[in-house]
Amino acid sequence: MSTRVELFCDGACSGNPGVGGWGGILRCGATEKELSGAEWETTNNRMEMTAAIRGLEALTRPCEVVVTTDSQYLVKGMTEWLPGWIRRGWVNSKKEPVLNRDLWERLLELSTIHRIQWTWIRGHNGHSENERCDALARGAIDELRKKGQGRR
């Protein structure tokens with residue numbers, strides 16, 4: 001039986017595009033690990049996806065993972081849209097190249113390692129782990145700005 005892990009994740013952006021951050025909480029039983037990071041020029045969707053990727057990459061062996069996010073883009077991409085994009089050669093229903101293909105491909109790769117259940121929750125609605133992930137993402141933005149004062 002494989003290990004069951006919960007991954008809560010969120011992304012944030014100051015401007016979209018702009019400075020972005022991501023936050024995640026990995027929980028296995030009573031053990032929790034918080035993760036976060038930031039990038040200078042990115043989008044909210046990229047940060048939402050990056051939070052999931054970094055959380056899944058932090059796992060040291062194949063697991064059963066319940067990913068909880070407030071990003072419908074992430075959940076629908078992984079549960080509904082991906083097969084059509086692949087079938088059409090990474091073109092969306094509007095016949096345009098799929099945005100964030102690099103991140104979708106990484107998520108697809110990770111989903112061959114782990115058994116993942118994608119769960120959407122409403123953001124900023126009092127969900128304690130989601131609120132904490134949002135705080136981690138915003139904190140990572142603040143840290144990046146402090147380190148990079150004077151960057152243009």
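From the N terminus on, the elements run β-β-β-α-β-α-α-β-α. That makes 4 helices and 5 strands. Helices (H or I, at least four residues) and strands (E, at least two) are DSSP runs, numbered from the N terminus. This is a predicted model, in which local features need pLDDT of at least 70, side-chain atom pairs count only at pLDDT 80 or more, and totals for chains, interfaces and linings use all residues. Residues are numbered from 1 along each chain as its sequence is written, and side-chain values use heavy atoms, with hydrogens and water left out.

**Whole chain**

Start zoomed out. The C-alpha atoms fill a box of roughly 45 × 45 × 30 Å along the principal axes. The radius of gyration is 16 Å, close to the 15 Å of the globule rule for 152 residues, so the protein is as compact as a globular protein of that length. That radius is taken over C-alpha atoms, and the rule is 2.2 Å times the number of residues to the power 0.38. Now color by accessibility. Of the 152 residues, 45% count as buried. Buried means under 20% relative accessible area, exposed over 50%, and partly exposed in between (1.4 Å probe, protein chains only). Turn to contacts, meaning heavy atoms within 4.5 Å. Among contacts with a separation of 6 or more, 66% come from residues 24 or more positions apart.

**Stop 1: strand β1 and its neighbors**

Select β1, residues 3-15, and β4, residues 63-69. They run parallel, joined by 7 bridges. Two strands pair if DSSP finds at least two bridges between them. Show Val5 and look across to Val65 in β4.

Next add β2, residues 18-28. β2 runs antiparallel to β1, with 10 bridges between them. The two strands form a hairpin with 2 residues between them. Find Gly15, whose bridge partner in β2 is Gly18.

**Stop 2: salt bridges**

Show Lys, Arg, Asp and Glu side chains. A salt bridge here is a side-chain nitrogen of Lys or Arg within 4 Å of a carboxyl oxygen of Asp or Glu. The count is 12.

Select Arg27 and Glu6, whose closest N and O atoms are 3.5 Å apart. Arg27 lies in β2 and Glu6 in β1, so the pair ties together parts that are 21 residues apart in sequence. Arg27 is buried at 17% relative accessibility; Glu6 is partly exposed at 25%.

Move to Arg46 and Asp102, with closest N and O atoms 2.9 Å apart. This pair links helix α1 (residues 44-57) to helix α3 (residues 101-113), across 56 residues. Arg46 is partly exposed at 23%, and Asp102 is partly exposed at 45%.

Then pick Arg106 and Glu57, whose closest N and O atoms are 2.8 Å apart. Arg106 sits in α3 and Glu57 in α1, 49 residues apart. Arg106 is partly exposed at 25%, as is Glu57 at 33%. Finally, select Glu6, Arg27, Glu32 and Glu129 together: salt bridges that share partners join them into one network.

**Stop 3: the cores**

Hide the charged side chains. A nonpolar core is a set of buried Ala, Val, Leu, Ile, Met, Phe, Trp, Tyr and Cys residues joined through side-chain atoms within 4.5 Å. The largest has 30 residues. Select Leu56, Val65, Leu74, Trp104, Leu107 and Trp118, which have the most contacts inside it. The elements giving two or more residues to this core are β1, β2, α1, β4, α2 (72-87), α3 and β5 (115-120).

Center on Trp118. Leaving aside residues up to four places away in sequence, Trp118 touches Ala52, Leu56, Val67, Leu74, Val75, Met78, Thr79 and Leu107. A second, separate core has 5 residues, including Ala12, Ala137, Ile141 and Leu144.

**Stop 4: the annotated site**

Select Asp10 and Asp134. An unreviewed UniProt entry annotates them as "binding site". Positions are given in the numbering used here, feature names are shortened, and annotations may be inferred rather than shown by experiment. The pair spans 125 residues in sequence, yet their C-alpha atoms are no more than 5.7 Å apart, so they gather at one spot.

Asp10 is in β1 and is buried at 1% relative accessibility. Beyond four places in sequence, its contacts include Trp22, Met47, Glu48, Asp70, Asn130 and Asp134. Asp134 belongs to helix α4 (residues 128-147) and is buried at 9%. With the same sequence neighbors left out, Asp134 touches Asp10, Ala12 and His124.
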